[in-house]
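Biologist: Please take a close look at one part of this chain, the charged side chains that pair with each other, and place that part in its surroundings.

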Amino acid sequence: MESVEIEAKTLIQKPKTPSNDHVINPYPGCVLGCAYCFASFSGRQFGRSVKEWGDYLYVKVTTCT
């Protein structure tokens with residue numbers, strides 16, 4: 001499993017689904033890689049394929065001073 005730190009632009013997001021007003025997303029990716037997961041497409045923004053789901057985790061970090 002590959003773990004990569006990325007700069008956090010935001011942790012709280014307004015989702016495109018009507019069931020929630022806001023969601024917290026501290027990391028894109030997953031370490032479980034469930035075959036039925038609805039979020040497996042999310043790796044596209046990092047150039048990852050659906051087949052790689054479960055092999056990576058991008059951890060959002062901040063550099064507060």
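Modeller: Buried residues account for 23% of the 65 residues in the chain. The model is a predicted one, and its secondary structure consists of five strands and zero helices, which gives the pattern β-β-β-β-β along the sequence. Along the principal axes, the C-alpha atoms occupy a box of roughly 35 × 30 × 20 Å.

The part you ask about involves an open sheet of three strands, ordered β1-β5-β4, with mixed pairing. Its edge strands are β1 (2-7) and β4 (29-30), each of which pairs on one side only. Strand β1 runs parallel to β5 (residues 56-61), and six bridges join the two. Within this pairing, Glu-2 lies opposite Tyr-56 of β5.

Glu-2 also takes part in a salt bridge, with Arg-48 as its partner; the closest N and O atoms are 2.5 Å apart. The two residues belong to distant parts of the chain: Glu-2 sits in strand β1 and Arg-48 in the loop between β4 and β5, a separation of 46 residues. Arg-48 has a second acidic partner, Glu-52, and the N to O distance in that salt bridge is 3.1 Å. The salt bridge count comes to two. Through shared partners, the salt bridges join Glu-2, Arg-48 and Glu-52 into one network.

The accessibility of the three residues can be read against the cut-offs. Arg-48 has a relative accessible area of 14%, and it is classed as buried because the limit for that class is under 20%. Glu-2, at 36%, is partly exposed because its value falls between the buried limit of 20% and the exposed limit of 50%. Glu-52 has a relative accessible area of 26% and is therefore also partly exposed. The network thus links a buried Arg-48 with a partly exposed Glu-2 and a partly exposed Glu-52.

Some values for the whole chain give the setting. Of the contacts with a separation of 6 or more, 56% are between residues 24 or more positions apart. The chain exposes about 5300 Å², and 57% of this comes from carbon and sulfur atoms. As for charge, the chain has 7 positive and 6 negative charges, and their mean positions are 9 Å apart.

Key:
Residues numbered from 1 in each chain as written. Predicted model: local features only at pLDDT ≥ 70, side-chain atom pairs only at ≥ 80, totals over all residues. Heavy atoms only, no water. Pairing = 2+ DSSP bridges. Helix = DSSP H or I, 4+ residues; strand = E, 2+ residues; numbered from the N terminus. Salt bridge = Lys/Arg side-chain N within 4 Å of Asp/Glu carboxyl O. Buried < 20%, exposed > 50% of the residue type's maximum accessible area, 1.4 Å probe, protein only. Contact = heavy atoms within 4.5 Å. Areas by Shrake-Rupley, 256 points an atom, 1.4 Å probe, with all protein chains shown as cover. Lys, Arg positive; Asp, Glu negative; His and termini not counted. Charge placed at Lys NZ, Arg CZ, Asp CG, Glu CD.
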